[in-house]
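Here are some short exercises, each with a worked solution. Have a go at each one before you read on.

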Amino acid sequence: MPPILPDFSNSVKLKYVKLGYQYLVNHFLTLALVPIMAGIFLEVVRIGPGEVLNLWSSLHLDLVQILCSSFLIIFIATVYFMSKPRSIFLVDYACYKPPVTCRVPFSTFMEHSRLILSNNPKSVEFQMRILERSGLGEETCLPPAIHYIPPQPTMEAARGEAELVIFSAMDSLFEKTGLKPKDIDILIVNCSLFSPTPSLSAMVINKYKLRSNIRSFNLSGMGCSAGLISIDLARDLLQVHPNSNAVVVSTEIITPNYYQGKERAMLLPNCLFRMGGAAILLSNRRSESRRAKYRLVHVVRTHKGADDKAFRCVFEEEDREGKVGISLQKDLMAIAGEALKSNITTIGPLVLPASEQLLFLLTLIGRKLVNPKWKPYIPDFKQAFEHFCIHAGGRAVIDELQKNLQLSAEHCEASRMTLHRFGNTSSSSLWYELGYIEAKGRMRKGDRVWQIAFGSGFKCNSAVWKCNRTIKTAENDDSPWADCIERYPVHIPDVVKL
């Protein structure tokens, strides 16, 4: 038999060749400057200090020239530092942990579904199949109004849930940071589906008696990616308002949006969405730079709303019986993939090392000029980030991103465990995931975090953070993960038989 060729893809030597290529390209300027600087140093040593002084004196610089040159250097430096964007720091954040009385085990959820949809067993069976494959665990929570049979989604109950979630997260943030209500300069609240009058931001202002000159904003209808939109808005405001603190509150109120009909596309959110919320303190004050956990590096937003299919893939509407619900279309994942592709095309040049950008460019040129059938090169984002927070929208979302970005199981661990423990908490899920990484003691100074979220419209938004200091596990004693982190990660089967 002819000798079998070695598996070059798994070759150790090939691995070191790749590492050598990455080091060479990423440090090209440094490696090029070293011999130049060494040559200059050797030449100075050769000619001696006397010749150097003679060369300097031959320039014949007078006082006016020296002063003008100094003024020009100072002016350029002043313009540079004045036009440089302010650093935005994430001082700390707090996530809401629902009480055990709101817990909804699979058995409870299915029993309620059978009673509520007693005339439609096919819908009950459909929900059971979705729940079996959802990736959710037995400890996710729904608000009190949904525990009634039938559910009681009144305005009063919805306000009660909003107060419980938002005020609990805010109180925890005040306790962790020592922030006083009067120190808040900017307040942004995002909640997609519950938009009462007065607004939720006004509710927070009333509760904590915030200043009359506070800049407050209330974002609604922007889906699960609204949390990063709020971060982007806060960043823009902090750029123009110096020495300010901004509080962002991200949540989704479940009470008024529990669907009681029988349309399958509208029953999906019932199986996935659960209670949750987070409050985040951002600041541009230099005094906060030492204790802040993270520094905001980039925010990249992509909107595919110009396409009709993308616009309607997540849509609030009435069913044939006049019952309002959120419809999730079958082509949702394909549209999310296109939105992600557009987003990483923008964020790639900002974060990827030169070695990955060069490989991508050479592959692109090769496909255009040599062979269009060449497999496109997928950049290795693991070289740009140490941690990934993928929106815990469902198992299919996490699976698709893990496949497209070629991530390992550990990179997606925070997203899968957040989905298992808390369910899809909409825009706040990214902060539960960040909390998981911190509670595991994995966050080190200099680590880079990529948060990716999807939302109705259709949107894909990204935020890049850099860890400002090593975060100790003791700092997470009041985290929602504090009493269960030792149990995680857990094995999540493909199908949980109910």
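**Exercise 1.** Work out whether glutamine 402 is buried or exposed.

*Solution.* Start with the ground rules: this is a predicted model, where local features need pLDDT of at least 70, side-chain atom pairs count only at pLDDT 80 or more, and totals for chains, interfaces and linings use all residues. Residues are numbered from 1 along each chain as its sequence is written, and side-chain values use heavy atoms, with hydrogens and water left out.

Step 1: find the residue. Glutamine 402 sits in helix 14; helices here are DSSP runs of H or I with at least four residues, strands are E runs of at least two, and both are numbered from the N terminus.

Step 2: check the accessibility. Glutamine 402 counts as buried because its relative accessibility is 19%, and buried means under 20% relative accessible area (exposed is over 50%, partly exposed in between; 1.4 Å probe, protein chains only).

Step 3: look at who touches it. Skip the neighbours within four places in sequence, and glutamine 402 is in contact (heavy atoms within 4.5 Å) with Leu407, Ser408, Ala409, Cys412 and Arg416.

**Exercise 2.** Compare the settings of glutamine 406 and serine 426, and say what their phi angles look like.

*Solution.* Step 1: glutamine 406 lies in the loop between helix 14 and helix 15 (413-422). Its phi is near 55 degrees, a positive value in a residue other than glycine. At 44% relative accessibility, glutamine 406 is partly exposed.

Step 2: serine 426 belongs to the loop between helix 15 and helix 16 (429-439). Phi is positive for serine 426 too, near 65 degrees, but this residue is buried, at 1% relative accessibility.

**Exercise 3.** Track down the cis peptide bonds that lead into proline 150 and proline 198.

*Solution.* Step 1: isoleucine 149 and proline 150 are joined by a cis bond with omega about -5 degrees. Proline 150 is in the loop between helix 6 (144-147) and helix 7 (155-177).

Step 2: threonine 197 and proline 198 also share a cis bond, with omega about -5 degrees. Look for proline 198 in the loop between strand 2 (186-190) and helix 8 (200-208).

**Exercise 4.** Describe the largest pocket: what is its volume, and which element gives the largest share of its lining?

*Solution.* Step 1: get the terms straight. On a 1 Å grid over the protein atoms alone, a pocket is an open set of points where a 1.4 Å probe fits, with protein on both sides within 12 Å along at least five of seven lines; lining residues have an atom within 4 Å of a point. Points are joined across faces, edges and corners, and volume is the space filled by probe spheres set on them.

Step 2: the largest pocket holds about 1200 Å³. It is lined by 50 residues, with Leu272, Phe273, Val314, Leu328 and Leu332 closest to the centre.

Step 3: helix 10 gives the largest share of that lining, seven residues. By class, the lining has 27 nonpolar, 15 polar and eight charged residues (nonpolar: Ala, Val, Leu, Ile, Met, Phe, Trp, Tyr, Cys and Pro; charged: Asp, Glu, Lys and Arg; polar: the others, Gly among them).

**Exercise 5.** Now do the second largest pocket: which helix supplies the largest share of its lining?

*Solution.* Step 1: its volume is about 660 Å³. Of its 21 lining residues, Lys341, Ile344, Phe360, Tyr377 and Pro379 are closest to the centre.

Step 2: helix 12 contributes the largest share, eight residues.
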